[in-house]
Amino acid sequence: MRSFQTSRKTKETDIQIEIELDGSGKADISTGIGFFDHMLTALCVHAGLDLLVLAKGDLQVDCHHTVEDIGIVLGDALAGALGDKSGIERYGFFYAPLDESLALCSIDISGRPYLVFQCPFDRAFVGELETDMIKEFFRALATRAGITLHINLMYGANDHHKAEAVFKAFAHALKAAIQSNGKGALSTKGVL
């Protein structure tokens, strides 16, 4: 069973996360940021993982600390659930359309954190979520999970659709990358 639970408490946030990689898409998400809850729920459903996220943050300031810290803790949980990463496909990519928007995500679960995020948004907010925080979420997640992550928004007009296409592309790419390959580490080094 590839699962992990972890938490992080600072003066700005208090976050608890539980993840089950071989789940059924069950989401129990409460961040205080409605649109972000929607995106994390879409991540669960489309990646086929079970996820509990309970977060309290200083939303009276803005959503920055909460969103970034959830990325940190989710990255830790993902890394914990993957263990030594032996026996996974390692790579995943996916194009996700949502109406007029199209996003591409490519992942290498390599132990080498890196983010390329080319996703222009037109509005400052979608719901209560600052659109520039989407990049910060993925940066924190990629860094803590030790993954190389490229996300490109090919085109789109509606920022809700653009954000949702990004999260769904990530979900499907992640689903492919964490699948079992029935072998050891997919690396010439013999370890990831």
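In the predicted model, helix α1 passes helix α4 in a right-handed crossing. The axes of α1, which spans residues 34-47, and of α4, which spans residues 159-177, come within 8 Å and cross at roughly 35 degrees. On the α1 side the contact is made by Phe35, Phe36, His38, Met39, Leu40, Ala42, Leu43, His46 and Ala47, and these meet His160, Ala163, Glu164, Phe167, Lys168, Phe170, Ala171, His172 and Lys175 in α4. When the residues of this contact are sorted by class, 11 are nonpolar, 4 are polar and 3 are charged.

Helix α4 is also placed against a sheet, for it lies across β5, β6, β7 and β10 and runs at about 150 degrees to β5. The sheet in question is open and has 4 strands, arranged in the order β5-β6-β10-β7 with mixed pairing. Because β5 (91-98) and β7 (114-118) each have a single partner strand, they stand at the edges, and one side of each is left without a neighbour in the sheet. On average, and with direction ignored, neighbouring strands of this sheet are turned by 10 degrees against each other. Helix α3, formed by residues 132-145, packs on the sheet as well, where it touches β7 and β10, and its direction makes about 160 degrees with that of β7.

The mixed character of the sheet can be followed strand by strand. Starting from the β5 edge, β5 and β6 (residues 101-108) pair in the antiparallel sense over 8 bridges, and within this pairing phenylalanine 94 has cysteine 105 in β6 as its bridge partner. The pairing of β6 with β10 is likewise described as antiparallel and extends over 7 bridges, with serine 106 standing opposite histidine 150 in β10. The sense is parallel, by contrast, between β7 and β10, which are joined over 5 bridges; here the bridge partner of tyrosine 114 is threonine 148 in β10.

Two residues of the sheet region illustrate its surroundings. Asparagine 152 is located in strand β10, residues 148-155, and counts as buried because its relative accessibility is 17%, which falls under the 20% limit used for that class. With residues up to four places away in sequence set aside, asparagine 152 touches Leu102, Ala103, Leu104, Gln118 and Cys119. Leucine 149, under the same exclusion of residues up to four places away, touches Cys105, Ser106, Ile107, Tyr114, Leu115, Val116, Phe138, Ala142 and Phe170.

Leucine 149 also appears in the description of the nonpolar interior. The largest nonpolar core comprises 61 residues, and those with the most contacts inside it are Phe137, Phe138, Leu149 and Phe170. The largest share of this core, 10 residues, is supplied by α4. One of the four residues with the most contacts, Phe170, is also listed among the α4 residues that are met by α1, and both Phe138 and Phe170 are touched by leucine 149.

The loop between α2 (64-82) and β5 holds lysine 85, and arginine 90 lies in the loop between α2 and β5 as well. For lysine 85, phi is near 65 degrees, a positive value in a residue other than glycine, while for arginine 90, also a residue other than glycine, phi is positive and near 80 degrees. Lysine 85 is assigned to the buried class because its relative accessible area is 13%; the relative accessible area of arginine 90 is 7%, and this residue is therefore counted as buried too.

Toward the start of the chain, strands β1 (residues 3-9) and β2 (residues 13-20) pair in the antiparallel sense over 7 bridges. The two strands form a hairpin, with 3 residues between them, and in this arrangement glutamine 5 has glutamate 18 in β2 as its bridge partner. Methionine 1 is found in the segment before β1 and, with a relative accessibility of 89%, is therefore counted as exposed. Although methionine 1 and glutamate 20 are 19 residues apart along the chain, their C-alpha atoms are separated by 7.6 Å.

Note on methods. Residues are numbered from 1 along each chain as its sequence is written. This is a predicted model: local features need pLDDT of at least 70, side-chain atom pairs count only at pLDDT 80 or more; totals for chains, interfaces and linings use all residues. Side-chain values use heavy atoms; hydrogens and water are left out. Axes are lines fitted to C-alpha atoms, for helices over the stretch in contact, and angles run from 0 to 180 degrees between N-to-C directions. A crossing is left-handed if the near helix is turned anticlockwise from the far one by less than a right angle, and right-handed if clockwise. Contact means heavy atoms within 4.5 Å. Ala, Val, Leu, Ile, Met, Phe, Trp, Tyr, Cys and Pro count as nonpolar, Asp, Glu, Lys and Arg as charged, and the others, Gly among them, as polar. Two strands pair if DSSP finds at least two bridges between them. A nonpolar core is a set of buried Ala, Val, Leu, Ile, Met, Phe, Trp, Tyr and Cys residues joined through side-chain atoms within 4.5 Å. Buried means under 20% relative accessible area, exposed over 50%, partly exposed in between (1.4 Å probe, protein chains only).
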